[in-house]
Amino acid sequence: MSGLDPIALQVWGAALRAVADEMQAALVRSSFSVTIKERRDCSTALFDGRGRMVAQSDSIPVHLGAMPEAVEAVMAAGAAPGEAWIVNDPFTGGTHLPDLTIVTPIAIGGEVVAHAVTRAHHADVGGMTPGSMPAGARDLLQEGLVLPPVRLAGADGPDHGVMAIIAANSRTPDERRGDIAAQLAAHALAQRRLDDLCARRGGPRALAGAMDSLLAYAERRTRAAIAAMPDGEWTAAEALEGDGVTDDDIVIRVRVAVRGDSMEVDFTGTDPAGPGNLNCPIAVTRSSVFFAVRVATDPDIPASAGAYAPVTITAPQGSLVNAPPGSAVAAGNVESSSRIADAVLAALSGAADVPAQGQGTMNNLTLGFEDRVYFETLGGGQGASSGTDGPSAVHVAMSNTLNTPVEALELAMPVRVERYAVRRGSGGEGAHRGGDGVVRRIRLLEPAEASLIAERRRSAPAGAEGGGDGLPGETLIDDVPVPGKWRGHLPAGAVIEQRTPGGGGHGPAAEEALHAGR
C-alpha cells in the first residue's frame with residue numbers, strides 16, 4: 001500500500017504534473033521555430049532519482065514513452081547535478097534525429113532526487129535533405145547529425161563547443177540555438193519548482209517518498225485493469241505500405257497475452273528491418289505499446305513507469321520493431337509507431353473495448369527553402385468508439401501536436417495555403433461514425449526541396465464491430481497522385497495537396513442493423 005493517504009497522493013501527483021506542464025509552457029513560449037512554438041512538437045517529464053518516469057505533460061505519446069531509455073543512457077554516462085546532457089542517437093536513448101532530448105539531474109540538499117527531461121522536434125539537424133526527414137533514406141547518417149549522450153551545459157553555462165557543432169550541422173543554426181536555449185530554460189524552471197516543493201512539503205525525502213507512492217499507485221491501478229480482462233492470447237498484423245526504398249508491404253505481427261494482472265506483448269514474426277527509414281529503435285516500439293495499453297486499460301491512470309511495470313515486451317533484434325544500430329529510422333518514429341499502436345490495439349480488441357482504427361499516419365511534410373525549413377504533421381479522423389462518433393481533423397495515436405495556423409505558416413514561410421478544410425465523408429459509416437480527415441492545399445511561392453512521408457494511402461483504417469472503414473489518404477502534387485513516400489525538387493508555383501484518412505466507424509449503421517434483425 002502507499003505511504004500516503006489518498007488526498008496527499010493526489011496533491012503530490014497534481015503538483016508534479018503541474019511542474020511538467022509548466023516546463024512545456026515555458027519551452028513553447030520561448031522557442032524560436034514554428035514547429036515548437038505553433039505546433040507544440042515537444043514534450044516534458046519528470047523522473048525520480050533512480051530514472052523512473054513519475055509525471056509528464058499532456059504532450060506527444062511517441063516522445064514520452066521513449067524517454068526512459070534517454071534518461072538511462074545519460075545516467076550511465078555519469079551526468080552530475082547542475083549539468084544538462086543532450087542526446088538524439090536513436091540507439092542510445094533517442095527516437096529519431098530531429099528529436100533533441102535534454103536530461104538534467106536535479107539535486108536538493110546534496111542528493112539527486114529527480115531528473116528533468118525535455119524532448120523537442122527541431123526543424124533541421126542536417127542530413128541529405130532539409131528538415132532531416134528524407135523519404136527513402138537508407139542509413140542513419142543520411143538523416144542528420146548523430147549525438148550520443150554528451151554534456152551540453154554545466155553550472156557555468158552552455159558548452160559552446162557542443163552548441164557550435166549542432167549549429168554548424170543545421171541549415172537553420174540560429175533557430176537551433178534559440179530552441180535549445182528554450183529547452184534549457186524549461187530545465188532551469190524545473191529546478192526552481194522542485195526546490196520550492198521540497199521547501200514547502202517536507203524536503204527531498206518527502207519528495208522521494210511521494211514519487212515512490214505515485215509509482216506504486218499507478219502500478220496497482222494498471223494491474224487491476226489488466227486483471228479485469230479475460231485471460232487469453234490474441235494476435236494481429238498490420239502492413240506498412242513500403243518504406244520509400246521498396247514498395248513492398250512490411251508486416252508487423254503481434255501477439256498479446258493476458259495472464260492474471262500482467263500482459264505480454266510479443267512481436268515475434270515481424271518482418272526484418274527494411275532498407276528505408278520506417279525502422280524503429282526499441283524505444284519507439286515500447287512507446288507505441290505503452291500508448292495502446294493506456295488506451296485499453298484506463299486513460300486516467302497516471303502515465304508513469306509504474307503504469308507500464310505489468311507489461312513485458314518482446315521485440316526480436318534485427319526486426320522492423322527493433323532495428324539494428326545504424327538503420328535509418330526517421331519515419332519509424334512518426335509512421336511505424338502509429339501502425340505498431342494499431343496492431344497492438346487490434347489484438348487487444350479481443351480483451352477490451354477499444355475504438356475503431358484512426359488515420360494511422362501523421363502525414364509528414366517537410367519543405368526546405370533557401371534559408372528556411374518547415375516541417376508539419378497533419379491531423380485526420382479518429383476511429384469511433386462503442387459510445388460516440390470519432391472526432392474529425394485531429395491528431396491521433398502517437399501524435400498529439402496542434403495544427404500550424406494558416407496565418408503563422410504564411411508569415412513564416414514562402415507559401416500560400418489555398419485550402420484547409422474537413423474532408424467530409426471520409427470517416428467510416430456505422431452506429432457511430434468515424435471522424436473525417438482534412439484537406440490541406442499549399443502553393444509554393446519559392447522553389448523548395450520537398451519530402452512527404454505518409455501511411456494509409458493504400459489501406460483503409462478499419463472499422464470495428466461491423467462499422468465501415470475510413471477512406472485512405474491521398475497525396476497529390478500539381479493534382480497528380482504521388483506515392484505516400486516521395487521526395488524531390490519543386491519549382492515556385494507547385495501545389496502540394498494532402499487528403500488525410502478518415503477514421504473507422506463502430507457498429508453497423510442503422511439500416512444495416514435493421515436488415516440484420518430481419
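Start by selecting helix α8, residues 282–296; helices here are DSSP runs of H or I with at least four residues, strands are runs of E with at least two, and both are numbered from the N terminus. Helix α8 is mostly covered, with 11 of its 15 residues buried. Buried means under 20% relative accessible area, exposed means over 50%, and partly exposed is in between, using a 1.4 Å probe and protein chains only. This is a predicted model, in which local features need pLDDT of at least 70 and side-chain atom pairs count only at pLDDT 80 or more, while totals for chains, interfaces and linings use all residues. Residues are numbered from 1 along each chain as its sequence is written, and side-chain values use heavy atoms, with hydrogens and water left out.

**Along α8**

Colour the buried residues of α8, among them A283, V284, V289, F290 and F291. What do the buried residues of α8 pack against? Show α3 (61–64), α4 (67–76), β10, α9, β11 and α10 to see their partners; contact means heavy atoms within 4.5 Å. You can also check the span of α8: its end C-alpha atoms are 21 Å apart, which agrees with the 21 Å its 15 residues should span at 1.5 Å a residue. The expected span is 1.5 Å times one less than the number of residues.

**The aromatic pair**

Stay on α8 and select F290 together with Y308. The structure holds 1 aromatic pair, and its rings have centres 4.1 Å apart and planes at 5°, so F290 and Y308 are stacked. Rings of Phe, Tyr and Trp (its six-membered ring) pair if their centres lie within 6.5 Å; planes under 30 degrees apart count as stacked, over 60 as edge-to-face, and the rest as tilted. F290 sits in α8 and Y308 in helix α9 (residues 305–308), 18 residues apart. Both F290 and Y308 are buried.

**A loop stop at N322**

Next, pick N322, in the loop between β11 (311–314) and α10 (330–348). Is N322 buried or exposed? N322 is buried, with a relative accessible area of 12%. Leaving aside residues up to four places away in sequence, N322 touches C280, I282, A315, P316 and Q317.

**Salt bridges**

Now turn to charged side chains. A salt bridge is a side-chain nitrogen of Lys or Arg within 4 Å of a carboxyl oxygen of Asp or Glu, and by this rule the count is 39.

Select D261 and R223, which meet in a salt bridge at 3.3 Å, N to O. D261 is in the loop between β9 (249–259) and β10 (262–266), and R223 is in helix α7 (residues 204–227), 38 residues apart. D261 is partly exposed at 34% relative accessibility, and R223 is partly exposed at 22%.

Move on to E233 and R259, joined by a salt bridge at 2.7 Å, N to O. E233 lies in strand β8 (residues 232–241) and R259 in strand β9, so this pair ties together parts 26 residues apart in sequence.

For a buried example, show E376 and R440, whose closest N and O atoms are 3.0 Å apart in a salt bridge. E376 belongs to strand β13 (residues 373–376) and R440 to strand β15 (residues 437–444), so the pair ties together parts 64 residues apart in sequence. E376 is buried at 1% relative accessible area, and R440 is buried at 2%.

Keep R440 selected and add Y420: R440 lies over the face of Y420, at 4.3 Å from the ring centre. A charge sits over a ring if NZ of Lys or CZ of Arg is within 6 Å of the ring centre and within 35 degrees of the ring normal.

Finish with E418, R423, R441, R443, E474, D479, E497 and R499, which are linked in a network of salt bridges.
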